[in-house]
Amino acid sequence: VRHTGRMTLIRRERRAHIELWTLDRPDRLNALPDLEDGEAFAAACEAVNADPGVRCVILTGAGRAFSAGGDLKAMKDRRDMFAGTGAEIRERYRRVVHRIVRSLYGLEVPLIAAVNGPAMGLGCDIAGLGDIRIASETASFGVPFLKLGILPGDGGAWLMPRNVGYARAAEMLFTARVLDARTAMEWGLVSRVVAPERLMDEAMEIAEDVASRAPQALRMTKALLRQGRDATFDQILEMTASMQALAHLSDDHLEGVTAALEKRGAVFEGK
């Protein structure tokens, strides 16, 4: 394991072509956002996007929570993120909260959310930004904004219906209901639930499978999936034709075809 740096919130480790990011504020149940958290997420995502050697990221939480979301004491005291005028709070949402979710949404490699415990509010929506989402049996999920007299200020009203469907998203948001891990899997918020001691091994096994694929084609495939949320079928077909042309001309494509013909595993170099 090679450590690649530590910021206020995110502890980053590199394992071959995989980065493991740990939300590292366990004494506060990984509450977020603090004022510097937008910069922390942006820097981590920008570093990965600029590094062709990274092919997958795993995101998890330190301690017993994934993330408890917003700091209720700071909300009550109207300090830090929640201080000042309405215009000032609005600007902080744009510069901190929205920077977090925009950065994660713009991550060019697949993101695996390994949800180890409660994921609430912004924490739930950060988990929901994972391309692949797996949960420990001890995980739970909730977006209790209305219970606090506020609304989903992190884009959750756009994200949640795309993850679980409109009616279930409405139920989660309007009732502030908390889902256990099994219900979250039934609703499609996560794709599998595993024993707590198996969570990181399971996440790493998936990440290793992902990281074994041709890295340029992997990033382009993720881009197509992201664009496919909003683009028309015709637009996606045009993007696909252009990206596919690039893929066909790559050394990795020749290696993949050759390996298949020779009945061996392909070794992709990102060329």
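**Entry 1: R226**

I began with R226, which lies in helix α9, spanning residues 215-227, and I note here that I am working from a predicted model. I wanted to know whether R226 is buried or exposed. At 10% relative accessibility R226 counts as buried, because the cut-off for that class is under 20%. I then looked for a partner of the R226 side chain and found that one of its polar atoms lies 3.3 Å from the backbone oxygen of L129.

**Entry 2: strand β5**

Next I turned to strand β5, residues 111-115, and asked how many of its residues are buried. Five of the five are, so the strand is largely enclosed by the rest of the structure. I checked the two faces separately: L111, A113 and V115 are buried on one side, and I112 and A114 are buried on the other, which leaves both faces of β5 covered.

I also looked up which strands pair with β5. Strand β4, residues 56-61, runs parallel to β5 and is joined to it by three bridges; in this pairing I found A113 of β5 to be the bridge partner of L59. Strand β7, residues 132-136, also runs parallel to β5, and here I noted four bridges, with A114 standing opposite I134 of β7.

**Entry 3: aromatic rings**

I then searched for paired aromatic rings, and the count came to one pair. Its members are Y105 and W158, whose rings sit 5.7 Å apart centre to centre with 85° between the planes, an edge-to-face arrangement. Why does this pair tie together parts that are apart in sequence? Y105 belongs to helix α3, residues 86-105, whereas W158 belongs to helix α5, so the contact ties together parts that are 53 residues apart in sequence. I looked up the accessibility of each partner as well: Y105 is partly exposed, with a relative accessible area of 25%, and W158 is likewise partly exposed, with a relative accessible area of 32%.

**Entry 4: a nonpolar surface patch**

Last, I asked which residues form a nonpolar patch on the surface. I found L72, L148 and I150 there, with about 250 Å² of accessible area together. I followed up on I150 and placed it in the loop between β8, residues 140-142, and α5, residues 156-164. I150 counts as partly exposed at 31% relative accessibility, and I recorded that value with care because a patch takes residues with over 30% relative accessible area.

Methods. Residues are numbered from 1 along each chain as its sequence is written. This is a predicted model: local features need pLDDT of at least 70, side-chain atom pairs count only at pLDDT 80 or more; totals for chains, interfaces and linings use all residues. Side-chain values use heavy atoms; hydrogens and water are left out. Patches are made of residues with over 30% relative accessible area and no salt bridge: like charges are joined within 9 Å, nonpolar side chains (Val, Leu, Ile, Met, Phe, Trp, Tyr) within 5 Å. Accessible areas come from the Shrake-Rupley method with a 1.4 Å probe; for residues, only the protein chains shown count as cover. A salt bridge is a side-chain nitrogen of Lys or Arg within 4 Å of a carboxyl oxygen of Asp or Glu. Buried means under 20% relative accessible area, exposed over 50%, partly exposed in between (1.4 Å probe, protein chains only). Two strands pair if DSSP finds at least two bridges between them. Rings of Phe, Tyr and Trp (its six-membered ring) pair if their centres lie within 6.5 Å; planes under 30 degrees apart count as stacked, over 60 as edge-to-face and the rest as tilted. A polar contact is a pair of N or O atoms within 3.5 Å; within protein, one must be able to donate a hydrogen and the other to accept it, and residues adjacent in sequence count only if both atoms are side-chain atoms.
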